[in-house]
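Here is a short, friendly briefing to read alongside the model. Please have the sequence and the 3D view open as you go.

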Amino acid sequence: MIVTDIILDGVFAAVAAIGFGAISDPPLRAFPYIAILAAVGHALRFCLINYLGVDIATASFCASFTIGMGSLWLGSIIYCPMTVLYIPALLPMIPGMYAYKVVFSLIMFMQNINIPELEQQYMQTMFVNAVVTGSVIFMLSVGATIPVFIFKSKAYSLTRRKD
């Protein structure tokens with residue numbers, strides 16, 4: 001059952017990443033690699049969170065770093081910039097539920113502004129979810145761009161053929 005959960009998580013992330021990739025119109029040769037990066041990254045984050053007890057921000061950092069390194073390697077194979085590969089692969093890991101809870105808590109806070117107990121509860125919920133959302137998005141962006149800084153010359157020569 002564990003293996004099935006991991007594979008399904010990766011497959012669903014791959015499908016979502018292909019959809020996100022289609023919006024930005026990458027070359028057709030990039031789609032399989034976008035799907036692979038998304039599946040590996042999201043499955044890694046899933047395993048870290050569910051089986052090793054790692055928090056969502058740290059797991060997202062590890063997964064996005066893996067996606068960044070993979071896009072560096074795969075980009076050199078298909079002569080495609082890293083961003084074309086890693087941005088659609090990262091999008092399925094955006095914490096949408098936490099962002100939704102921020103907005104929902106804000107609305108509920110405004111509707112219950114005269115009830116101090118509910119005010120405090122919704123404000124706290126809004127703050128916690130905003131911190132989680134912000135930290136996960138920050139860690140996703142940092143993790144994916146670290147390979148660009150580590151392998152600067154390789155990252156900027158991905159679209160150049162070696163003669």
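Phenylalanine 61 has 25% relative accessibility, so the residue counts as partly exposed (buried is under 20% relative accessible area, exposed over 50%, partly exposed in between, with a 1.4 Å probe and protein chains only). This is a predicted model, in which local features need pLDDT of at least 70, side-chain atom pairs count only at pLDDT 80 or more, and totals for chains, interfaces and linings use all residues. Residues are numbered from 1 along each chain as its sequence is written, and side-chain values use heavy atoms, leaving out hydrogens and water.

**Aromatic pairs**
- The whole structure holds three aromatic pairs (ring centres of Phe, Tyr or Trp, its six-membered ring, within 6.5 Å; planes under 30 degrees apart are stacked, over 60 edge-to-face, the rest tilted).
- One of them joins phenylalanine 61 and phenylalanine 65, which are stacked at 6.5 Å centre to centre with 20 degrees between the planes.
- Both of these phenylalanines, 61 and 65, sit in helix α3, four residues apart, or about one turn of the helix.
- Phenylalanine 65, at 27% relative accessibility, also counts as partly exposed.

**Helix α3 against helix α6**
- The axes (lines fitted to C-alpha atoms, for helices over the stretch in contact) of α3 (residues 56-78) and α6 (residues 116-150) come within 7 Å and cross at roughly 30 degrees.
- α3 and α6 are therefore roughly parallel to each other (angles under 35 degrees).
- In the contact (heavy atoms within 4.5 Å), α3 contributes residues including Phe61 and Phe65, while α6 contributes residues including Val132 and Met139.

Note on methods
Axes fitted to C-alpha atoms, helices over the stretch in contact; angles between N-to-C directions. Helix = DSSP H or I, 4+ residues; strand = E, 2+ residues; numbered from the N terminus. Parallel < 35°, antiparallel > 145°, perpendicular 65-115°, else oblique.
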